[in-house]
Each structure stands twice: as C-alpha cells, then as structure tokens.
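Visitor: I'd like to learn how to read pockets, cavities and helix packing in a model like this one. Could you walk me through it?

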Amino acid sequence: ALMLKGIKHLERMGELRMARSLLSQLYSVPINQSWRTLLEGALLEARAGQTDTARRIFKFLLQQAPWYGPVWHEACRFEQRCNHMQEALHVAESGLVQLPRYGPLWFCALRLHECTASKGDLLRATRQLVERGVRHISKDLVWKLWFESAQVEERNGNLQRARAAYVKSVATCAANLRWKVWLGGARTELCHSQFAVSQALLEQAYKESPPKTRAIVMLEQSRLHELCGNAEQSRKLLRGARKTNRQEWKVFLESVLLELRSQDMQRALKEAHQALKVHRGTGRLWAVLIQLEHAHGVRRQLGVFQQALLEVPKSGEVWCEGARICLNPFSECFNLKAAHNFLDFAIEFTPQYGDSFIEYLRLQMLMKAPEEEIERLWQLCINAEPNYGTLWFHCKSSVLLTTRQVMQGATELLQRELREYRRASLLATLFLSIVPHTSVRPLCVTWH
C-alpha cells in the first residue's frame with residue numbers, strides 16, 4: 001500500500017522515471033502480493049500515453065492473475081479508451097468466462113455490444129448477454145442489468161421491450177433503490193412523449209425516494225412541467241424544492257436555468273444572486289452568474305469573476321469562464337496568455353468538467369500550437385474522462401461516444417467556428433501583438 005501511494009505521488013510530481021524504478025523492484029514479489037501495484041503501473045503508462053507498454057503489463061496481469069476482477073475491468077476500459085472496441089469486448093467476454101459473477105464486466109460487455117454490433121445483430125446480442133448475466137451475476141445487481149437492458153431497448157426504439165425490462169428491474173430491486181427504476185422509466189416515457197405515464201412514474205419515484213434524494217425527483221418533475229409548456233407550475237415546484245431541500249444546490253441551479261431557457265434574463269440573474277446567498281461556495285452557480293452578466297459588458301463579468309475567485313478559488317468552472325472572457329475576439333480583454341493560464345487552473349482543479357478541455361482546444365487552434373501539445377491535451381482529457389459541461393454535452397451526441405470521439409467532434413466544431421470568425425480572431429491577435437498592455441490589466445489575477 002505504501003509503494004502504491006509512492007507511485008501515485010511520483011506521477012503527480014511528474015517523476016515517471018522514479019515511479020518506474022519503484023515498480024521494477026516488484027520483479028521478485030509474488031503476483032498475489034504485487035498485482036494491485038502492477039495494475040497501477042499499467043494505468044500510469046496508459047495515462048502517460050505509452051499504450052504499448054501498458055498493453056504488455058495488462059497482458060502479463062491477465063495471464064498471471066486472471067482471478068482478480070479489477071484487472072479484467074481496467075484492461076477492458078483501457079482498450080475502450082483507445083477506441084479498440086472489438087479488443088475491449090474480447091477482454092470483457094474472456095473475463096466473464098473466468099469470473100462470471102464479477103458485475104462491472106457485465107455492464108462493460110453490454111455497452112461494448114451496443115457499440116460494436118451491427119444494427120441487425122445488436123438487440124439479439126444484447127438480449128442474449130442479459131439473459132446470461134441474470135443467471136450468473138450477483139443477486140443484488142440483477143436489477144441494474146435489467147435497468148441497463150431497458151435503456152438499450154429504448155435507445156433502439158423498442159418502447160414495449162424497454163417497459164418489460166423496467167418491470168423486471170423493479171421486481172428484482174431492493175426497496176430503497178426502486179425509485180431509481182421509476183425515474184429511469186419516467187425519462188424513457190418522456191422521450192416517447194408519453195407525458196401522463198411519465199408524470200405517474202415520477203410521482204411513484206417521489207413517494208419511494210429517501211428524503212436526501214427527493215430533490216432529484218423534483219428536478220425531473222419540474223422539467224416535465226416545463227416540457228409540457230407549464231413553466232409557472234415548474235417554478236412553483238422549484239420554489240417548494242428550495243424550501244424543503246435547501247441543502248441541494250442543484251435545485252437552485254435549475255431555477256436559474258429554467259429562467260434562462262424561458263429567455264427571461266432578469267429573473268435568471270435574480271435567481272442566481274438568490275442562490276449564491278445560500279450556496280456561496282458552489283462554483284457552478286458562480287460560473288452561470290458570470291455567463292448571465294455577459295449582457296452587462298465584460299467589465300461586469302470580470303468583477304464577478306474576481307469575486308468568485310475569492311469565494312471558490314479551486315472551481316474549474318469559474319476559471320473556465322474567465323478563460324472564455326479572454327478568448328472572445330470581440331472583447332477588449334482578448335488575451336490568449338491569460339486564457340492559457342486560466343485553463344491550466346481549470347483542468348487542474350476540475351478535470352471532470354469537459355468544457356475546459358474544449359476551450360483549451362480552441363485556444364491551441366488560435367495559437368497554432370504544435371502537434372505534440374495538442375496530443376498532450378487529448379491525453380489529459382482521455383485520462384480525466386469528463387462527464388459534464390454544456391459544451392461537452394453538445395459535442396457528445398450519444399452516450400455511447402468515447403472521450404476520443406467527443407474530442408474529435410469538438411475539433412470539427414471548432415474548425416468550422418474558427419473559419420467563420422477567422423477575420424475577427426486575426427485582427428484581435430494582431431492588435432494584441434501591437435498594443436500588448438491595452439485593457440488587459442484587470443485580467444492579471446494574482447494566484448496565491
């Protein structure tokens with residue numbers, strides 16, 4: 001355990017050679033004592049972009065320690081991150097032969113079948129896998145396998161089969177988890193415009209959800225009312241949620257976003273300020289306030305940005321908004337160097353926020369960064385596996401897309417955008433090179 005911590009520390013410090021030197025000391029240690037540390041070594045090499053070395057270590061571990069589920073799972077995810085879907089599926093299926101009760105491999109295999117099977121074979125392959133899985137998987141995970149199966153059916157337009165799978169999921173689910181199935185079913189019905197059914201399922205989810213998670217259900221109910229054209233009912237529901245679930249910042253954020261989608265900027269600003277009185281330490285709320293202040297000019301945005309840094313200095317979302325101000329070629333504060341510094345902080349503090357990586361990619365295109373720098377950014381993004389962000393979700397058109405595929409889509413989007421605004425970007429860059437100290441003084445935020 002101490003060596004494992006040492007390797008992780010050395011990696012964070014950038015001392016990969018010393019980390020590898022530590023790993024080499026495991027040569028004579030029995031595999032049952034060293035497999036976990038060797039697995040970390042394989043992941044280290046993968047994060048460093050040394051895919052061939054990582055693959056050799058994974059191969060060694062699969063041969064010498066095939067009885068450890070995490071080895072199969074990480075080897076599968078490694079191939080998946082490399083976009084080698086068939087190889088990842090082969091690893092998952094081999095692992096299931098060796099360890100048929102290891103749950104994570106069943107879910108990996110289900111997702112990989114959906115990614116790799118042809119349209120004609122997809123549903124047959126996934127249904128067969130689920131039928132196999134429910135016979136072998138741990139009993140407390142059977143419900144989740146049926147739940148995932150329902151979502152596969154829904155994505156392929158089979159509403160009746162999705163409903164049947166949800167029924168099986170409810171039947172095998174523990175009472176304290178059933179609300180998740182009702183919630184998933186409500187979302188499926190909503191996707192097929194079955195508003196009344198969706199509402200009934202959400203009411204059932206609300207009844208069965210624990211008090212701590214009830215706010216999640218209320219958010220879904222609010223969105224349903226909004227989609228039905230009843231924004232006032234949605235507002236009323238959120239007002240109640242803010243009183244009963246005051247500790248849940250997502251309820252306050254949803255109130256802001258509701259007004260934003262309704263194109264009522266004044267009400268959105270009011271909601272944002274009210275939210276920050278309660279949740280002053282939430283970066284997402286500060287970030288959305290910076291966005292909302294766009295209409296009042298860049299100076300106002302900068303004021304909020306600097307205030308936010310005093311409250312949440314380690315919020316990647318806030319640093320990303322600061323970078324966006326600097327990346328706007330129409331702004332008097334256009335400053336690529338400041339944007340670079342801000343985005344470094346953003347991906348360091350909140351690597352799971354995908355928008356920061358896409359904005360960094362935009363910056364590299366503007367600066368015509370060398371290929372090795374772009375490859376390094378891609379590798380950082382693949383290692384981080386971002387899971388949220390408005391721009392990130394815009395580029396991730398399907399839940400099946402890998403991080404590489406999302407970054408490829410983002411690259412194409414940015415190339416189109418930069419072609420459209422090429423003249424403005426060139427003029428702004430030229431002006432900055434001629435008058436390097438103009439109007440950018442407020443951006444010199446000192447980091448302590």
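Guide: Let's begin with a pocket lining. H22 gives the largest share of the lining of the second largest pocket, with 5 residues. Keep in mind that this is a predicted model.

Visitor: What volume does the second largest pocket have?

Guide: Its volume is about 960 Å³. There are 21 lining residues, and those closest to the centre are Glu11, Arg47, Glu348, Leu380 and Asn383.

Visitor: Which elements give two or more residues to that lining?

Guide: Four helices do: H1 (2–12), H3 (31–47), H20 (336–349) and H22 (371–384).

Visitor: And how does the lining of the second largest pocket split by class?

Guide: You get 9 nonpolar, 4 polar and 8 charged residues.

Visitor: Now for enclosed space. How many cavities of 30 Å³ or more does a search of the whole structure find?

Guide: The search turns up 1 cavity of that size. The idea to hold on to is that a 1.4 Å probe fits in a cavity but cannot get out, whereas a pocket is open. Here the largest cavity holds about 70 Å³ of space.

Visitor: Which residues line the largest cavity?

Guide: The lining consists of Ala46, Arg47, Thr51, Phe78, Arg81, Cys82, Gln379, Ile382, Asn383 and Arg404. At least two lining residues come from each of H3, H5 and H22, and H22 has the largest share, 3 residues. Sorted by class, the lining of the largest cavity has 4 nonpolar, 3 polar and 3 charged residues.

Visitor: Arg81 is in that list. Is arginine 81 buried or exposed?

Guide: The cut-off is what you need here: buried means under 20% relative accessible area. Arginine 81 has 18%, so it counts as buried. This arginine lies in helix H5, residues 69–81.

Visitor: What is arginine 81 in contact with, leaving aside its neighbours within four places in sequence?

Guide: Its contacts are Leu43, Glu74, Ile382, Glu385 and Arg404. Ile382 and Arg404 also appear in the lining of the largest cavity.

Visitor: Can we try the burial test on another residue?

Guide: Sure, take threonine 37, which is found in helix H3. With a relative accessible area of 10%, threonine 37 is buried. Setting aside neighbours within four places in sequence, threonine 37 touches Met3, Leu4, Ile7, Leu23 and Leu26.

Visitor: And where is leucine 366 placed?

Guide: Leucine 366 sits in helix H21, which covers residues 354–366. At a relative accessible area of 16%, leucine 366 is buried too. For a sequence-versus-space reading, look at leucine 366 and arginine 422: they are 56 residues apart along the chain, and their C-alpha atoms are separated by 9.2 Å.

Visitor: How do I read a pair of packed helices?

Guide: Two numbers describe such a pair: the angle between the axes and the distance between the axes. For H7 (residues 103–116) and H8 (residues 119–136), the axes come within 9 Å and cross at roughly 170°. Angles over 145 degrees count as roughly antiparallel, and H7 and H8 are therefore roughly antiparallel to each other.

Visitor: Which residues make the contact between H7 and H8?

Guide: On the H7 side you have Trp106, Ala109, Leu110, His113 and Glu114. H8 brings Leu122, Ala125, Thr126, Leu129, Val130, Arg132, Gly133 and His136. By class, this contact of H7 with H8 has 7 nonpolar, 4 polar and 2 charged residues.

Methods: Residues numbered from 1 in each chain as written. Predicted model: local features only at pLDDT ≥ 70, side-chain atom pairs only at ≥ 80, totals over all residues. Heavy atoms only, no water. Buried < 20%, exposed > 50% of the residue type's maximum accessible area, 1.4 Å probe, protein only. Contact = heavy atoms within 4.5 Å. 1 Å grid on protein atoms, 1.4 Å probe; cavity = no way out; pocket = protein on both sides within 12 Å on 5 of 7 lines; lining within 4 Å. Points joined across faces, edges and corners; volume = space filled by probe spheres on them. Nonpolar A, V, L, I, M, F, W, Y, C, P; charged D, E, K, R; others polar. Axes fitted to C-alpha atoms, helices over the stretch in contact; angles between N-to-C directions. Parallel < 35°, antiparallel > 145°, perpendicular 65-115°, else oblique.
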